[in-house]
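Please look over the chain shown below before reading on. The report that follows treats two topics in turn, the meeting of domains and the nonpolar cores.

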Amino acid sequence: MDLRIKSFKEYEEKYKQSIEDPDHFWDQIAQTFQWQQAYKEVCKWNFDEPNVKWFLEGKLNITENALDRHLATRGNKTALIWEANDPNTPSQKFTYRELYERVCEFSNALKAQGIEKGDRIVLYMPMVPELAIACLASARIGAVHSVVFAGFSANAMADRINDAQAKMVITADGLNRGAKQVALKTVVDEALESCHSVEKVVVFNCLDWKVNMEEGRDVWWHDATNGMPAECKAEVMDSEDILFILYTSGSTGKPKGVVHTHGGYMVYTAFSFQNVFQYEEEDIYWCTADIGWITGHSYIVYGPLLSGATTMMFEGVPTFPDAGRFWQVCDKHQVNQFYTAPTAIRALMACGDEHVDATSLSSLKVIGTVGEPINEEAWDWYYEKVGKGNCPIVDTWWQTETGGIMISGLGSLSPMKASYAGYPLPGVQAVLLDQEGKEIEGSDIEGYLAIKNPWPSIIRTTYGDHERCRTTYFSHYKGYYFTGDGAKRDENGMFRVIGRVDDVINVSGHRFGTAEIEDAIDNHENVVESAVVGYPHEIKGQGIYAYVVCEIEPTDPDAARAEIIDIVSEQIGKIAKPEKIQFVSGLPKTRSGKIMRRILRKVAEGEPDKLGDTSTLLDPSVVDDIVQNAL
Ligand code: WT7
């Protein structure tokens with residue numbers, strides 16, 4: 001069960017073994033889990049179709065490994081701690097046995113509501129224990145969960161429900177987020193006007209609000225679970241059966257459903273969790289992400305619970321009631337491993353040192369970051385102020401599609417360098433490619449980050465559209481998984497991930513496709529066309545800058561901007577709204593009609609003197625207008 005590597009030397013040995021004989025390496029790890037039927041083959045793959053399968057013909061249920069397996073030895077150990085939005089609301093704790101019972105109870109409720117193996121369930125929930133319970137219950141009965149972050153709009157949710165043809169939505173009346181409350185059920189009601197696959201809606205009572213309950217369709221969580229037995233046999237799943245779908249943005253308009261499966265995801269999330277955080281049996285671990293994103297799936301729910309860890313879930317935000325909340329909570333629960341995003345670190349750093357200085361943070365052993373590159377200033381502050389100079393920072397690079405952490409230090413074992421994620425985990429062959437797809441050898445070099453071999457939690461397909469999976473990840477460079485990121489490798493072989501090289505913008509660690517935002521903006525009746533690019537933003541990492549061409553020049557530009565922001569909020573969600581909107585007479589296009597984003601990016605970055613060659617433009621004069629009126 002202890003999957004931990006315990007020295008850097010051991011890491012180097014294990015890494016070598018994992019590349020020379022990956023089947024043997026992963027077999028040894030996978031053997032430590034509980035299989036209902038042994039797998040016959042470790043891995044079978046080709047990256048051309050792609051077709052990747054792990055632990056073939058193995059039968060299991062991930063929740064038996066995350067819950068049942070621990071009952072004998074850890075039944076009374078705390079599995080989950082819940083810290084509420086309001087510091088005055090008591091926190092909740094669930095032992096492994098209690099969590100097991102709650103999951104079984106809800107599994108039975110799902111079945112009673114007509115959910116069967118293979119059905120898709122969309123979760124649109126607050127960060128409450130019931131969200132984790134709902135994920136696990138879905139997995140236990142062989143249903144497929146698809147969590148939609150509770151900041152997405154009704155439209156965005158409807159797209160995801162329809163793409164997955166979900167049979168059920170699980171939601172709440174509303175949620176607490178800092179000083180605000182957000183109505184969730186009304187958003188679900190609106191979404192369901194354009195979704196016909198949904199038969200049932202389960203509503204968790206979070207705020208004691210009176211909400212619309214549609215007869216025959218909507219049922220309260222407490223009514224659905226009332227009288228349900230606290231035992232529920234786990235469904236026998238094939239290793240390659242779908243565990244969940246999680247939608248993420250790409251360079252085209254429509255978000256895609258990334259598919260992960262039971263067996264491989266289980267093995268890789270547990271292995272990476274224990275190693276990256278160097279988790280020890282008595283530790284309290286806290287990841288501040290929302291379960292609406294992959295970080296929450298892999299490193300709040302599955303990785304920690306599979307490892308028998310104590311994992312914490314936080315309902316609130318870093319700055320409520322004040323900018324010391326994270327640090328107060330670390331002290332309150334004596335957190336040993338703390339995992340957050342660079343954007344949160346930068347935001348808290350900007351609030352001054354007094355908040356962090358007012359707390360002890362002496363329980364911390366390892367601190368981590370994820371989601372975007374961390375700049376050196378934020379890294380230094382995190383290291384000195386939060387880690388007090390004696391906690392290693394694990395800068396973890398990975399993606400929704402990779403399922404688990406791919407490049408990162410392992411607790412204090414690995415060498416550390418500010419703004420470098422470091423070395424790949426065992427089993428991961430990270431390479432840098434040039435434009436032609438040739439591997440770049442040597443050190444102190446830069447290229448496109450790609451992975452040469454499969455690892456157990458690699459994306460299997462994009463739901464309902466396998467061809468899209470192939471073209472997005474496996475067709476740019478034959479024989480490689482293409483990450484969409486650019487990276488550097490230093491003289492010691494450490495990796496630094498620089499950022500996206502495709503039309504994806506990373507705002508506060510969240511991914512948006514430029515096309516997705518443009519499609520939303522173009523819905524405005526006065527908009528002819530638009531182009532969206534990212535620009536450096538002090539707190540968010542990147543901000544969204546939109547260039548908009550109108551049919552009739554807006555007489556009140558601020559009012560027009562507000563309308564555009566409303567449309568983006570409506571189509572995608574408030575989290576995707578552009579920071580800057582510039583009205584322009586035209587977009588810089590080549591003679592073949594392609595928008596030259598390079599130029600727009602330079603202007604947005606405040607470097608109009610570095611536009612490069614503009615002679616191939618259809619109408620170079622639009623550039624002058626853009627530069628002169630830049631925001
Ligand atoms: C993209 C993936 C993985 C969970 C959160 C985001 C960027 C992620 C790092 C890091 C530099 C990073 C990449 C990647 N990214 N971690 N440590 N250093 N960049 O998941 O929404 O799938 O986004 O986030 O650009 O491709 P995601």
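Buried area is the accessible area, taken with a 1.4 Å probe, that two parts lose on being put together, summed over both. This idea is needed for the model shown here, which is a predicted one.

**Where the domains meet**

The domain assignment of the chain gives two domains, domain 1 (64–235) and domain 2 (507–628), and the C-alpha centres of domain 1 and domain 2 lie 38 Å apart. Between them, domain 1 and domain 2 bury about 490 Å², with 51% of this area on carbon and sulfur atoms. On the side of domain 1, the residues F152, S153 and N155 supply 62% of the area that this domain buries against domain 2, which is more than any other three residues supply.

The table lists counts for the interface of domain 1 and domain 2.

| Item | Count |
|---|---|
| Residues of domain 1 in contact with domain 2 | 6 residues |
| Residues of domain 2 in contact with domain 1 | 7 residues |
| Polar contacts across the interface | 4 residue pairs |
| Salt bridges between domain 1 and domain 2 | 0 salt bridges |

Sorted by class, the side of domain 1 that touches domain 2 has 3 nonpolar residues, 3 polar residues and no charged residues.

**The nonpolar cores**

In soluble globular proteins, nonpolar side chains tend to be buried together. Which residues of the largest nonpolar core touch the most other members? Of the 165 residues in this core, they are W26, L99, F106, I170 and Y302. The core draws at least three residues from each of domain 1 (64–235) and domain 2 (507–628).

When residues up to four places away in sequence are not counted, L99 touches L67, A79, L80, F94, I133, L136 and L305. A second core, separate from the largest one, has 30 residues, among them F326, A344, A378 and A418.

Terms used: Residues are numbered from 1 along each chain as its sequence is written. This is a predicted model: local features need pLDDT of at least 70, side-chain atom pairs count only at pLDDT 80 or more; totals for chains, interfaces and linings use all residues. Side-chain values use heavy atoms; hydrogens and water are left out. Domain bounds come from an automatic or database domain assignment. Contact means heavy atoms within 4.5 Å. A salt bridge is a side-chain nitrogen of Lys or Arg within 4 Å of a carboxyl oxygen of Asp or Glu. A polar contact is a pair of N or O atoms within 3.5 Å; within protein, one must be able to donate a hydrogen and the other to accept it, and residues adjacent in sequence count only if both atoms are side-chain atoms. Ala, Val, Leu, Ile, Met, Phe, Trp, Tyr, Cys and Pro count as nonpolar, Asp, Glu, Lys and Arg as charged, and the others, Gly among them, as polar. A nonpolar core is a set of buried Ala, Val, Leu, Ile, Met, Phe, Trp, Tyr and Cys residues joined through side-chain atoms within 4.5 Å. Buried means under 20% relative accessible area, exposed over 50%, partly exposed in between (1.4 Å probe, protein chains only).
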